[in-house]
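Visitor: I am new to this structure and should be grateful for a close look at a single part of it. Please explain each term as it arises.

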Amino acid sequence: MQATVDIPLKKIDDYRWEIPRNFDPGMRVPGRIFCDEKLLETVRKDQALLQVANVAHLPGIVNYSLAMPDIHWGYGFPIGGVAATDPDQGGVISPGGIGFDINCGVRLLRTNLTFSEVQPKLKTLVATLFNQIPCGVGQSGDIRISNSERPKVVTQGAGFVVKKGYGVEEDLAHTEAGGCLEGADPEAVSERAYQRGRDQLGTLGSGNHFLEVQVIDQIFDSKAAERFGFREGEVTLMIHSGSRGFGYQICDDFLSEMRHTLTKYHIKVPDVQLACAPLGSPEGKRYLSAMRAAANYAWANRQCLMHLARKVFEHVFNRSWQDLGMYLIYDVAHNIAKFEKHRVSGKEKLLCVHRKGATRAFPPGHSELPQVYRDLGQPVVIPGDMGRNSYLLLGTQRAFDETFGTTCHGAGRLMSRTQAVRESRGRSIEQELEKQGIIVMGRGRKGIAEEQPAAYKDVNDVVRVVDGAGIAKRVVRMRPIGVIKG
Amino acid sequence: MSRGYETFEHTADIGIRAWGSEFSEVFEEAAKALFNVMVDLNTVSVREHLTLELTAESGEELFLKWLKELLFIFDTKHLLLSEFKIRDLGPQTLQAQVGGEPLDNAKHELGREVKAITLHQFKLIQEQSRYFTEVILDI
């Protein structure tokens with residue numbers, strides 16, 4: 001690994017740190033990192049902070065180049081990075097600011113089931129989920145899209161698969177952006193992307209993607225928890241997946257193309273992986289149209305996965321999913337770019353907000369929130385590792401004012417994959433987790449070793465920072481009891 | 001060793017390193033390294049062959065296109081490849097024959113899904129009489 005550059009950090013308060021603009025004359029705005037002393041130690045181990053400074057070079061960037069406490073080293077942009085660009089100030093769109101897995105995201109479902117009702121059937125439940133939900137490398141799904149349906153999936157997103165019978169209208173209201181971004185253009189997507197996505201709708205994928213059966217183990221805000229129908233000891237279901245090969249290919253296509261737009265538009269960035277194009281340029285517009293197509297594919301994918309999971313619960317508990325109370329609480333995207341209105345120097349502006357490994361966290365009263373949650377704030381779903389916890393939080397006004405309405409997205413990796421495999425040699429992670437009451441099923445032993453709890457930062461630390469900084473507030477915490485990994 | 005490959009660490013992802021005394025060898029070794037990240041190559045028999053012809057503007061572009069093409073074949077045909085022969089390699093063209101077999105869950109234990117070939121800290125260099133590459137794969 002490359003030697004780390006020593007980045008000067010100015011402490012603002014216990015949770016806020018700044019990289020001053022004078023660190024590099026090319027920086028157009030300062031960097032701002034939401035972190036505490038403890039997490040900062042690991043953040044400093046790789047080059048994520050340098051990447052925060054690099055992002056500050058992007059044309060049209062406003063306020064700050066932001067980083068969340070789960071920040072780590074990515075491609076061009078750090079994972080956990082946020083940047084908003086202003087189209088009126090020559091603002092750009094950068095595919096690296098979204099990432100390969102476009103609209104990777106998480107959804108959380110509630111159930112009426114308690115831990116004691118699920119526990120006797122847990123092994124059957126996990127095994128059935130594992131058998132019924134395609135997961136792992138190279139596994140096809142049964143949900144096929146015909147060539148004539150392709151444009152509909154990518155322009156209608158989750159709504160299209162709901163029309164096909166995978167879920168209900170109400171699910172859409174509980175999905176960020178209603179499960180569909182407007183402005184997706186099927187023609188902006190390459191044939192290769194369609195081919196890679198052909199049999200991957202309703203498939204989980206591998207890496208850090210998962211499906212988890214969880215139990216609510218701590219309540220922080222009892223009033224809000226009650227509104228979501230959450231009680232301690234009740235079972236929840238969480239799904240983490242994205243746009244699969246379809247989105248990876250779109251990102252790849254445009255990263256290659258935008259290496260050339262840097263010269264064409266005379267854009268100077270310190271890292272070629274910050275390749276970008278002006279928001280109004282033909283290249284920028286085409287990427288936005290294709291990125292939205294991938295975002296819609298991802299929402300359709302998570303909707304299909306949820307449908308498959310509901311079917312499994314119906315089969316195992318012999319009750320309808322409605323009777324089991326398996327309602328979608330919310331679905332959030334954590335790799336996406338969207339146009340949103342935010343204040344810059346006291347004026348409201350329409351900005352392009354890049355969130356790469358960061359979650360939207362809009363405040364109470366925001367018009368984009370579904371009516372049922374409008375007085376509460378946006379539900380924010382934060383997954384952790386397979387041995388510790390996950391959270392439901394709510395968006396805040398402070399996040400809206402300071403971070404373009406954004407908060408963290410997860411635990412963030414601590415160990416490399418190779419190191420994680422090395423450290424698990426001679427051990428069985430599955431057996432260790434089973435002793436803690438967690439049933440894990442995955443396609444490969446290596447995959448589980450790489451995703452073991454110790455490979456991640458403690459999500460409790462990350463969430464404590466965002467709660468402490470006021471850029472989201474904790475509602476409930478869950479612990480896993482059943483995990484499906486690719 | 002005059003040719004070979006290995007993997008190296010990167011925070012969230014994984015890197016492959018390959019080398020050879022001929023430029024074509026580094027193509028072949030990098031291809032093995034790529035599939036080795038997904039599966040134990042010893043478990044992949046060669047039962048099917050494909051012929052590939054690629055063109056690109058430079059040797060570097062050709063190399064990246066080669067790896068991306070192999071990943072695309074796996075993702076769309078679910079074909080695991082373990083044998084790579086570069087038949088012809090020009091400054092802008094490549095002709096190769098690759099071999100492997102369809103993914104079989106009973107036979108192959110798949111570890112990682114490679115999302116993409118990245119340019120992050122990408123290296124493809126010639127030092128004395130040796131070619132050398134480092135590529136980080138997005139997992």
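Guide: The account below follows one helix of chain A, then a strand of that chain, and then some parts of chain B.

This is a predicted model, in which local features need pLDDT of at least 70 and side-chain atom pairs count only at pLDDT 80 or more, while totals for chains, interfaces and linings use all residues. Residues are numbered from 1 along each chain as its sequence is written, and chains are lettered from A and ligands numbered from 1 in the order in which they are written.

The helix in question is α10 of chain A, residues 244-264. Helices (H or I, at least four residues) and strands (E, at least two) are DSSP runs, numbered from the N terminus. Two packed helices are described by the angle between their axes and the distance between the axes. Helix α10(A) packs against helix α11 (residues 282-317) of chain A at an angle of about 165 degrees, and their axes are 9 Å apart. Here axes are lines fitted to C-alpha atoms, for helices over the stretch in contact, and angles run from 0 to 180 degrees between N-to-C directions. The angle makes α10(A) roughly antiparallel to α11(A), a description for angles over 145 degrees; those under 35 count as roughly parallel, 65 to 115 as roughly perpendicular and the rest as oblique.

Two residues are in contact if their C-beta atoms, placed from the backbone, lie within 7 Å. Among the residues of α10(A) that meet α11(A) are A:Phe246, A:Ile250, A:Phe254 and A:Met258. On the side of α11(A), the residues include A:Tyr287, A:Met291, A:Ala294 and A:Tyr297. By class, this contact of α10(A) with α11(A) has ten nonpolar, three polar and three charged residues. Ala, Val, Leu, Ile, Met, Phe, Trp, Tyr, Cys and Pro count as nonpolar, Asp, Glu, Lys and Arg as charged, and the others, Gly among them, as polar.

The contact between the chains takes 32 residues from chain A and 26 residues from chain B. Helix α10(A) gives the most to the side of chain A that touches chain B, with four residues. That side divides into eight nonpolar, 15 polar and nine charged residues.

Elsewhere in chain A, eight of the ten residues of strand β7 (residues 105-114) are buried, so the strand is largely enclosed by the rest of the structure. A residue is buried if 20 or more other C-beta atoms lie within 10 Å of its own, exposed if 12 or fewer, and partly exposed in between. Two strands pair if DSSP finds at least two bridges between them. Seven bridges join β7(A) to the antiparallel strand β9 (residues 234-241) of chain A, where A:Ile239 stands opposite A:Arg107. Five bridges join β7(A) to strand β11 (residues 328-333), also antiparallel, and A:Ala333 there is the bridge partner of A:Gly105.

In chain B, two loop residues touch chain A. B:Leu103 lies in the loop between β5 and β6 (116-117) and is buried, with 20 other C-beta atoms within 10 Å. Its contacts include A:Gly138 and B:Leu80. B:His120, in the loop between β6 and β7 (123-127) of chain B, is buried with 21 other C-beta atoms within 10 Å. B:His120 touches, among others, A:Tyr75 and A:Gln273.

Terms used: Lists of a residue's contacts leave out its neighbours within four places in sequence.
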